[in-house]
Amino acid sequence: MGKKLLLEHDHVPGINTYSVYREKGGYASVEKALKTMTPESLVEEVKKSGLRGRGGAGFPTGLKWSFLAKPPGVERYLVCNADESEPGTFKDRYLMERIPHLLVEGMITSSFALGAKSSYIYIRGEYYYVAKILEKAIEEAYANGWLGKNILGTDFSHDCYVQIGAGAYICGEETALLESLEGKRGNPRIKPPFPAVAGLWGCPTVVNNVETIAAVVPIVNQGGDAYAQIGIGKSTGTKLISASGHINKPGVYELELGLPVEEFIYSDAYCGGIRGGRKLKAVVAGGSSVPILPAELILKTAKGEPRLMSYESLGDGGFITGTMLGSGGFIVMDDTTSIVKNLYTFSRFYHHESCGQCSPCREGTGWMEKILHKILDGHGTLADVDLLWDIQSKIEGKTICPLGEAAAWPVAAAIRHFRSEFEDYVKNPGNIQDVKHYYRLNNLQPA
Amino acid sequence: MAANKKIEFGEETLALCHKLMKRYPEGKQKSALIPILHLAQAEFDGWLSPEVMEYVASILKIQAIEAFEVASFYSMFNLKPVGKCQLEICRTSSCWLMGAEDVVRHLEKRLGIKEGETTPDGMFTIKTVECLGSCGTAPMMQVGADYYENLTLEKVDQLLDTMKSSGKRKSYTDVAETRPL
């Protein structure tokens, strides 16, 4: 196993409690930051670390922090995005449930860097029980002097709160999240202004993913340069990957960026291979929004080089032959899987989750779902496949927020790499009967 | 709920509402709307009637329409009565790959209702939902605050039996003290 920075102690009994967490070196980053660093030097360390946003976009965290406006006399806020809703992603839930204090520690240290007196952890409503775990951790942090007035006898005071959502994927988009936190519908805002200038209640705000904020802890403890030594190229550090689907060992894995995809799928230290020794058919590597890749392109790039778990390697070849690391939601499909049906579950998802503000997304996602349903029902035509392509191309880039792209990309990629499957559904509707169709298509015997 | 039952939080819940409202700067109390709607749904029979939304709005000193706007946007808020146990089965990609459709079909057969319907005794509602962040432990369903993971049809049967014999409503806000890791 590679280096672990976040989940080093995830199996230590009682690590969810303050005393055990503290015994294992917890809250050292707060001590170090408050006693030996200035907010500016802390931002510098994060810049040096090369840390990139772990929610999906991969934007450099230090740079995002340096954009925060600091008008005198105006409050600034740190908001943690714990809305984790991207299909295939469950790493933040794992981290918060197992090691809640790591997030709380990261919130305090990061807030010091940003000069935020209050911070909010916005967590999806379905994780109500995780919110209670976090609230307990926050209570313990107050009781032990890590939160509240004049922390460690310094001028720095800080309050941290958990805010609960109520079921809306769109609230993972940072401006929709802020709307929701203000007690409104989760409709994304038009940018600019960006949250760094006008965010929560119109005040300068930084919104970071759970894993990003947790990663600040080892960065402060070890120094930005040491963190940047881990990983590969511009993909520094470790990444939590949520592995699911047809694998022997689904779960959350922390890996050093740069691990070969093949090793990740087949090694017993990680996914442990495909269930039942079947053949790999396709992988969605970074959550439902990123392009699906067939087995040959996820294991090797179009140039024939081994594909690595890094921002650059997964992106190699653009969307023609590559994909994205995204949120690290790694969904593995074996050779019995219907790509058309899988895409239908994605398109239904995006239709359900579109906030309805922008016409291309509101109408387009519903249209795509209906056409896929028609094809799966055996009433599709070849023109429908072209129509799907046409619709997705007219959503991309034409909406206020990236949900439009997130809905369009999976459709484009499925057709790009698996067009023959769509055509087979259309040409041989008599054969469609859930997966049986796919046994026939792939010359397989039903298990 | 009896038609003329007074809609008012118990003392403890009301105190919690006021505590929640203190988490935000002066004048930004509307931010407590979603957390308080959750409390209201749990306290008033698992759904938000127009009267309940009006009551929540009055606590926050906002218009009732503002509460309705929010309640109607989020999938966890029920605007119609539902069963005491709302069985929410995730159906997105990973859960579908691992057999979520079998779970839904089994529930429909066992309870004699279709997805979206409630059993005549008001005990169970079947609802399919989108990704709940439990992809590595698929298939799964959420009932109240509880996640039931790595489901098999036998496990589903046992859960139904347990819930039915307890006869209690399961709310999102009822979080067990400890959850085995």
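The questions and answers below walk through a predicted model with chains A and B.

Reader: How many helices and strands does chain A have?
Author: The model is predicted. Its chain A has secondary structure of both kinds. The count comes to 19 helices and eleven strands.

Reader: What is the radius of gyration of chain A, and what does the globule rule give for 447 residues?
Author: The C-alpha trace of chain A spans about 75 × 45 × 40 Å along its principal axes. For 447 residues the globule rule gives 22 Å, and chain A is close to that, so it is as compact as a globular protein of that length. Its radius of gyration is 22 Å.

Reader: What share of the residues of chain A count as buried?
Author: A residue is buried if 20 or more other C-beta atoms lie within 10 Å of its own. Chain A has 447 residues to which this applies. The buried share is 55%.

Reader: Which domains does the assignment give for chain A?
Author: The domain assignment splits chain A by residue ranges. Domain 1 covers 18–228. After that come domain 2 (237–334) and domain 3 (339–441).

Reader: Which strand gives the largest share of the side of domain 2 that touches domain 3 in chain A?
Author: The C-alpha centres of domain 2 and domain 3 of chain A lie 23 Å apart. Ten residues of domain 2 are in contact with ten residues of domain 3. On the domain 2 side, three residues come from one strand, the largest share. That strand is β10 (residues 292–294) of chain A.

Reader: How many charged residues does that side of domain 2 have?
Author: Sorted by class, the side of domain 2 of chain A that touches domain 3 has eight nonpolar residues. Two more are polar. The number of charged residues is none.

Reader: In what order do the four strands of the open sheet in chain A lie?
Author: The pairing in this sheet is parallel. The edge strands, each pairing on one side only, are β3 (159–164) and β4 (205–209) of chain A. Neighbouring strands are turned by 20 degrees against each other on average, direction ignored. The order is β3-β2-β1-β4.

Reader: Which helix packs on this sheet and touches β1, β2, β3 and β4 of chain A?
Author: The helix runs at about 145 degrees to the direction of β1 (77–82) of chain A. It spans residues 100–114. It is α6 of chain A.

Reader: What is the bridge partner of A:I123 in β3(A)?
Author: Strand β2 (residues 118–123) of chain A runs parallel to β3(A), and six bridges join them. One pair is A:Y122 with A:Q163. For A:I123 the partner is A:I164.

Reader: What is the bridge partner of A:C80 in β2(A)?
Author: β1(A) and β2(A) also pair in the parallel sense, over six bridges. The partner sits in β2(A). It is A:I121.

Reader: Which residues of β2(A) point the one way, and which the other?
Author: Six of the six residues of β2(A) are buried. A:S118, A:Y120 and A:Y122 point one way. The other way point A:S119, A:I121 and A:I123.

Reader: What do the buried residues of α8(A) pack against?
Author: Eight of the eight residues of α8(A) are buried. They include A:E174, A:L177 and A:L181. After the helix comes A:G183, with a positive phi near 85 degrees. The packing is against β1, β2, β3 and β4 of chain A together with α2 (33–43) of chain B.

Reader: Which element gives the most to the side of chain A that touches chain B?
Author: The contact takes 46 residues from chain A and 39 residues from chain B. Several elements each supply at least two residues of the chain A side, including α7 (128–143) and β7 (238–245). By class, that side divides into 18 nonpolar, 19 polar and nine charged residues. The element that gives the most, with six residues, is α15(A).

Reader: How many helices and strands does chain B have?
Author: From the N terminus on, its elements run α-α-α-α-β-α-α-β-β-β-α. That gives chain B seven helices and four strands.

Reader: What is the radius of gyration of chain B?
Author: The C-alpha trace of chain B spans about 50 × 35 × 30 Å along its principal axes. Of its 181 residues, 41% count as buried. A compact globule with 181 residues would have a radius near 16 Å, and the value for chain B agrees. That value is 18 Å.

Notes:
Residues are numbered from 1 along each chain as its sequence is written. Chains are lettered from A and ligands numbered from 1 in the order in which they are written. This is a predicted model: local features need pLDDT of at least 70, side-chain atom pairs count only at pLDDT 80 or more; totals for chains, interfaces and linings use all residues. Two strands pair if DSSP finds at least two bridges between them. Axes are lines fitted to C-alpha atoms, for helices over the stretch in contact, and angles run from 0 to 180 degrees between N-to-C directions. Two residues are in contact if their C-beta atoms, placed from the backbone, lie within 7 Å. Domain bounds come from an automatic or database domain assignment. Ala, Val, Leu, Ile, Met, Phe, Trp, Tyr, Cys and Pro count as nonpolar, Asp, Glu, Lys and Arg as charged, and the others, Gly among them, as polar. The radius of gyration is taken over C-alpha atoms; the globule rule is 2.2 Å times the number of residues to the power 0.38. A residue is buried if 20 or more other C-beta atoms lie within 10 Å of its own, exposed if 12 or fewer, and partly exposed in between; C-beta atoms are placed from the backbone.
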